[in-house]
Amino acid sequence: MEQLLNLIDGELRPAVSGAWLDVHAPATGTVYAQLPDSDESDVEAAVEAAHRAFPAWRALGREGRSAILLRLAELIEQDLDGFVMDESRDNGKPLSLARRVDIPRAVANFRFFATAILHFPSEAHLMDDVAVNYTDRQPFGVAGCISPWNLPLYLFTWKIAPALASGNCVVAKPSEVTPLTAYRMSTLCKVAGIPPGVLNIVHGLGPKVGAAITAHPRIPAISFTGGTRTGAEIARVAAPMFKKLSLELGGKNPVLVFADCDFEEMLRTTVRSSFTNQGQICLCGSRILVERSLLPHFRDAFLQRVEALRVGDPTDPASDLGAVVSKDHMEKVLAYIDLAKSEGGTIRCGGERIHLTGDLKDGWYIAPTVIEGLGPNCRTNQEEIFGPVVTIQPFDTEEEALTLANATPYGLASVVWTKDLQRAHRVARAIHSGIVWVNCWMVRDLRTPFGGVKQSGVGREGGVEALRFFTEAKNVCIKL
Ligand code: NAD
């Protein structure tokens with residue numbers, strides 16, 4: 001059985017403890033690899049190595065670092081098929097999705113930040129004849145990066161790339177549920193020319209490795225993507241240590257469908273925004289709010305499309321949905337479907353586990369599920385389910401649509417469907433979320449600020465926001 005290794009100080013090694021954890025393939029429900037069950041001694045070695053490597057990495061300058069990160073992007077791209085297979089096997093997502101989205105985006109993350117750093121400006125503020133101020137943005141040393149399982153390499157590199165480009169060294173922890181592509185990438189780092197200690201990848205459990213990174217006194221900044229509860233725990237530990245924190249957390253995103261929308265485009269995209277990656281994208285729309293006059297037509301057409309989705313072997317190009325990521329997660333999602341029933345919801349389609357046949361018979365598959373008949377305050381419409389489950393609620397006025405849209409503790413993303421430009425502007429301004437898509441979904445420009453409000457997080461990633469997070473601004477004031 002394949003054993004994955006940590007990358008520490010440029011070397012691939014097992015955990016100091018010698019202990020291992022199992023890695024499962026969601027498609028079959030079987031164990032196919034092991035990852036190091038690391039702990040604080042591995043994190044300590046990684047932090048030491050990162051601090052040793054920092055002066056030279058910083059001194060290499062933007063162009064030197066950029067060239068190395070571009071080489072890493074190139075190497076990942078050359079091994080696209082291997083990465084795609086690994087991502088799909090590890091996560092259960094359709095191979096076609098990993099090929100179209102996950103791995104190309106990981107490559108794009110490196111390319112984007114390797115070049116963004118070359119254009120990252122410093123501001124200057126002139127005080128007439130008195131003085132000139134300029135902002136010197138310096139890397140702070142060692143960044144801690146902790147990422148989730150839903151878009152494994154995509155989100156891992158979204159943090160590592162700006163951290164490294166800015167001149168920091170990194171101690172990173174991929175999700176223990178999906179460690180495979182981070183490991184595959186770690187095998188390319190030496191060839192890419194990343195000096196030992198610059199990027200350290202420590203595998204293992206959140207409460208051990210993640211907690212050790214969070215609490216480490218020599219890691220002054222933590223960039224975290226994951227659940228809101230974990231984010232709160234990280235903030236509890238890191239805030240009194242005055243660490244810089246970027247927290248990208250959960251969501252319960254609304255999709256507002258007005259009767260004047262482009263119906264066909266809305267329908268096609270809403271099927272995607274509901275069920276892409278088995279609904280396991282923090283940006284998926286999970287609460288569909290539909291103007292009442294459109295509801296019967298929407299319901300019929302939407303259910304017809306959802307029922308036609310194929311849940312199947314992730315390697316089969318005909319599969320629209322693969323497996324959800326773990327047995328625990330499948331049970332959690334199914335428990336939410338039961339909760340929705342007990343809260344009085346009507347299951348319009350799906351609502352159960354799907355048992356495939358042959359090798360896939362023990363895989364973790366859930367039918368895409370549409371629920372109606374629930375009000376905004378029930379748990380089904382308040383809590384993040386993070387699976388192939390959406391609810392439909394009607395509204396009569398724009399004001400009511402906004403009240404419903406804003407009626408959760410989350411505020412990550414929202415989608416608005418209307419042809420009325422005035423309304424699009426009004427609604428976009430009034431929605432409490434960090435991201436608003438109008439007449440589209442998941443259209444991503446990496447220069448834009450990315451993040452949420454309320455319990456969806458603190459801080460922004462992307463573009464200059466990320467480069468600012470991974471540097472400390474110093475004002476230098478010189479008398480004229
Ligand atoms: P999670 O919070 O369970 O785990 C995320 C990471 O944190 C993992 O690497 C885990 O090992 C680590 N971790 C767990 N406990 C820790 C601790 N005490 N200290 C430090 N690290 C710890 O989240 P998940 O289940 O992997 O991912 C799903 C969640 O991520 C969902 O809530 C989803 O909305 C969210 N998410 C948010 C975004 C975003 O950009 N806002 C993107 C993707 C996913």
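**Ligand site between two domains**

Reader: Where does the ligand lie relative to domain 1 and domain 2?
Author: Between them, because domain 1 (2-249 + 456-479) and domain 2 (253-445) both give residues to the shell around the ligand. The domain bounds come from an automatic or database domain assignment. This is a predicted model, where local features need pLDDT of at least 70, side-chain atom pairs count only at pLDDT 80 or more, and totals for chains, interfaces and linings use all residues. Residues are numbered from 1 along each chain as its sequence is written, and side-chain values use heavy atoms, leaving out hydrogens and water.

Reader: Which residues come nearest the ligand?
Author: Ser147, Glu176, Thr230, Leu249 and Glu384, of 30 around the ligand. Near takes a heavy atom within 4 Å.

Reader: What does the side chain of threonine 230 do there?
Author: An N or O atom in that side chain is 2.6 Å from a ligand oxygen. A polar contact is a pair of N or O atoms within 3.5 Å.

Reader: And tryptophan 149? What lies 2.8 Å from its polar side-chain atom?
Author: An oxygen atom of the ligand. Glycine 206 puts a backbone N or O atom 3.3 Å from a ligand oxygen.

Reader: How much of the ligand's 840 Å² does the protein cover?
Author: 88% of that accessible area (Shrake-Rupley, 1.4 Å probe).

How values were computed: A polar contact is a pair of N or O atoms within 3.5 Å; within protein, one must be able to donate a hydrogen and the other to accept it, and residues adjacent in sequence count only if both atoms are side-chain atoms.
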